[in-house]
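Colleague: I've got a model open and a few things I'd like to go through with you. Mind if I fire off some questions?

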Amino acid sequence: MSPAPVEPAPAGPVDPVQPPPETPPDPVEPPPETPPPVSQPPLPAGAMSEQQAARLLQQATFGPTMADINYATGLTVQQWIDKQLALPATLHMPNVPDVIDKSHPSHYTRVEAWLQIALDGPDQLRQRVAFALSEILVTSMHHPNLDTEPLELANYYDILVRNAFGNYRELLEEVAKSPVMGVYLSHMSNEKPDPARNIRSDENFAREVLQLFTIGLVQLNEDGTEILDKQGQAIPSYDQNTIEAFARVFTGWSSPGEYWNRKKKDLLNPMQAFEEYHDTAPKKLLNNVVLPANQTAQQDLSAALDNIFQHQNVAPFISKQLIQRLVTSNPSSAYVARVSRVFNDNGQGVKGDMAAVVSAILLDDEARYSRAYQSAHFGKLREPLLKTTHLWRALAADSSSGRIRTVTVEDSHGQAPQQAPSVFNFFRPDYSPNGDLQQQGLAVPEAQLLTDDLLLETQNLFHSAINLSIKEQVSEPDERHMLLAFSDLAQLLITQGTGVLLDRYSLLFFAGDMPAQLRALLADSDAQLRELSAEQRAAALLYLVFISPDYAVQL
């Protein structure tokens, strides 16, 4: 599946071989309907260079391809974003294939569908944001009642895809009513308290919707910094009483159908309210808001989500995490504040407009000009899965059958879509490893994945995925072996030399800013590889890129 650009790149003007004479000869008289020649318009102000386009695509897609770089070059960042915002959503559930020779999907084929869309989907920005949201509003197959429900997991993921450019308040309601979330965080068939039957309302979803999905544990300023009391201590956002009140809000919802607690539940359609199981007593929520007695389950749900959504923490809490997932792990407080302001008001009085928030994140000067606007700790570690999508997109990876083997994805990458070990994702947004970074107060979320075993596994993964996957040299590949197209890169190496090939790698994998030390190492290494074919040399150099510390960081 060779990744295609979002739209075909327009052909550029061709310089004439010789300038026209000062006095051109009289032209042959054209027919009356022939229009006069139209001159090429100048590039718009702020048009992206190749390097600027590649950098945007690293942040906003699953990895730049040369076709996408060529297409984006000459556009402004806003123009590229606008074109992406206008594309329809590519949904996952309809694209989950069956297991070969069987008439049912599996979690392996669900991940296969995710990879196919990540590699080939034209709506790259939407899909990239949906992936970021899936690491905030987490559901996972690692739940005893979801481990045999691949289509249902894919259907939940499509909630994130459809709402990636929608409104965060509407997304919250769809998530709250999702039967997959209802199973994962156990508010499906959650009953009102009944002391006589020793029933207490389940607090799981109530706790996580506050702690992880919206406001976090402590009160925040608009710029994401903690609000401190007179003793210099952070102020909690809520307490146990608040959790218990919200737990009673989320009662009376279960699988749609005639009966409250059927053994076989519908995990595809939104949960429905069963009023007899809903707690109708008053409930004291955030900021001392009290829900009145005798409201319906839907009235309580709507009012409670509104109460959460209007909390001052939502904008900085969610904005900062989206910045971390797309651009940099340690954004400045000013960057967070600028995006939070857009989250709170998109310019038309609307809060939670995700299209506006994503645009603000990518258009911000801190995102676009790291060298001029940021300190030495700008950037983020690349997630292992995003390294693979970057590799496969950049080198037009494909298999002979068009299918992808995904059995080992989770083990080899330490992650796979919707396979986090808990609701806390694969890594926490504030994670910092012991040592200098922690002492400096710097977050490195993705480092939580990097066990010793995974680091070794990743080196082996890319050796196999690159050096043993040269399309031009694998004569009898397994039908789902993803092969990389090296012929064009080999031609560059043969006809224009090592420096030009390294220029190409610099553009594709470092947005044109490959560190000089790495470049020198690669040039020296190539001098030792002359006995190999050009394809093998290009692959060997690319492998060194992928295991380098420099590539591990997205700047």
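Modeller: Go ahead; one term up front, as we'll need it for a helix cap: a polar contact is a pair of N or O atoms within 3.5 Å, and within protein one must be able to donate a hydrogen and the other to accept it. Also keep in mind that this is a predicted model.

Colleague: Good. So which residue caps the N-terminal end of H7?
Modeller: Look for a side-chain oxygen that lies 2.9 Å from the backbone nitrogen of arginine 169. The cut-off for such a pair is 3.5 Å. The residue that brings this oxygen is asparagine 167.

Colleague: And how many residues of H7 are buried?
Modeller: H7 covers residues 168-177 and is mostly covered. Its buried residues include Tyr168, Leu171, Leu172 and Val175, and also Arg169, Glu173 and Lys177. Out of its 10 residues, the buried ones number 8.

Colleague: What about H9, which helices are among those that cover its buried residues?
Modeller: H9 runs over residues 204-211, and 6 of its 8 residues are buried, so it is largely enclosed by the rest of the structure. The buried ones are Phe205, Ala206, Glu208, Val209, Leu210 and Gln211. Their cover includes H7, H8 (179-184), H10 (240-249), H11 (297-309) and H12 (314-326).

Colleague: Let's do some helix pairs. How are H13 and H14 oriented to each other, roughly parallel or roughly antiparallel?
Modeller: The axes of H13 (residues 333-344) and H14 (residues 354-363) come within 8 Å and cross at roughly 160°. Angles over 145 degrees fall in the antiparallel class. H13 and H14 are therefore roughly antiparallel.

Colleague: What sort of residues make up that contact of H13 with H14, nonpolar, polar or charged?
Modeller: From H13 come Tyr335, Val339, Val342 and Phe343, and they meet Ala356, Val357, Ala360 and Ile361 in H14. The split is 8 nonpolar, no polar and no charged. As for the handedness of the crossing of H13 and H14, it is right-handed. So, to end on the class you asked about, the residues of this contact are nonpolar.

Colleague: How many charged residues are in the contact of H23 with H24?
Modeller: H23 (residues 516-527) and H24 (residues 534-546) pack at about 145°, with their axes 10 Å apart. H23 gives Leu521, Leu522, Ser525 and Asp526, which meet Arg537, Leu541, Leu544 and Val545 in H24. The contact has 5 nonpolar residues and 1 polar one, and its charged residues number 2.

Colleague: And H1 against H22, what is the class of that angle?
Modeller: The axes of H1 (residues 50-60) and H22 come within 8 Å and cross at roughly 40°. Glu50, Gln51, Ala54 and Gln58 in H1 meet Leu507, Phe509 and Phe510 in H22. The contact of H1 with H22 divides into 4 nonpolar, 2 polar and 1 charged. With roughly 40° between the axes, H1 is oblique to H22.

Colleague: Now backbone oddities. Is aspartate 101 buried or exposed?
Modeller: Aspartate 101 has a positive phi of about 70° although it is not a glycine. Its place is in the loop between H3 and H4. With a relative accessible area of 81%, aspartate 101 is exposed.

Colleague: Same question for alanine 511: buried or exposed?
Modeller: Alanine 511 has a positive phi too, about 55°, and is not a glycine. It is found in the loop between H22 (498-510) and H23. Its relative accessible area is 10%, and the cut-off for the class is under 20%, so alanine 511 is buried.

Colleague: Histidines next. What is the relative accessible area of histidine 92?
Modeller: Histidine 92 is found in the loop between H3 (77-85) and H4 (107-120). Leaving out residues up to four places away in sequence, it touches Ala113, Trp114, Ile117, Gln127, Ala154, Tyr157, Asp158 and Val161. Histidine 92 is buried, and its relative accessible area is 3%.

Colleague: Last one: what does histidine 481 count as, buried or partly exposed?
Modeller: Histidine 481 lies in the loop between H20 and H21 (487-496). Beyond its neighbours within four places in sequence, histidine 481 is in contact with Asp398, Ser399, Leu468 and Ser469. At 23% relative accessibility, histidine 481 counts as partly exposed.

Notes: Residues numbered from 1 in each chain as written. Predicted model: local features only at pLDDT ≥ 70, side-chain atom pairs only at ≥ 80, totals over all residues. Heavy atoms only, no water. Axes fitted to C-alpha atoms, helices over the stretch in contact; angles between N-to-C directions. Helix = DSSP H or I, 4+ residues; strand = E, 2+ residues; numbered from the N terminus. Parallel < 35°, antiparallel > 145°, perpendicular 65-115°, else oblique. Left-handed = near helix turned anticlockwise from the far one by under 90°. Contact = heavy atoms within 4.5 Å. Buried < 20%, exposed > 50% of the residue type's maximum accessible area, 1.4 Å probe, protein only.
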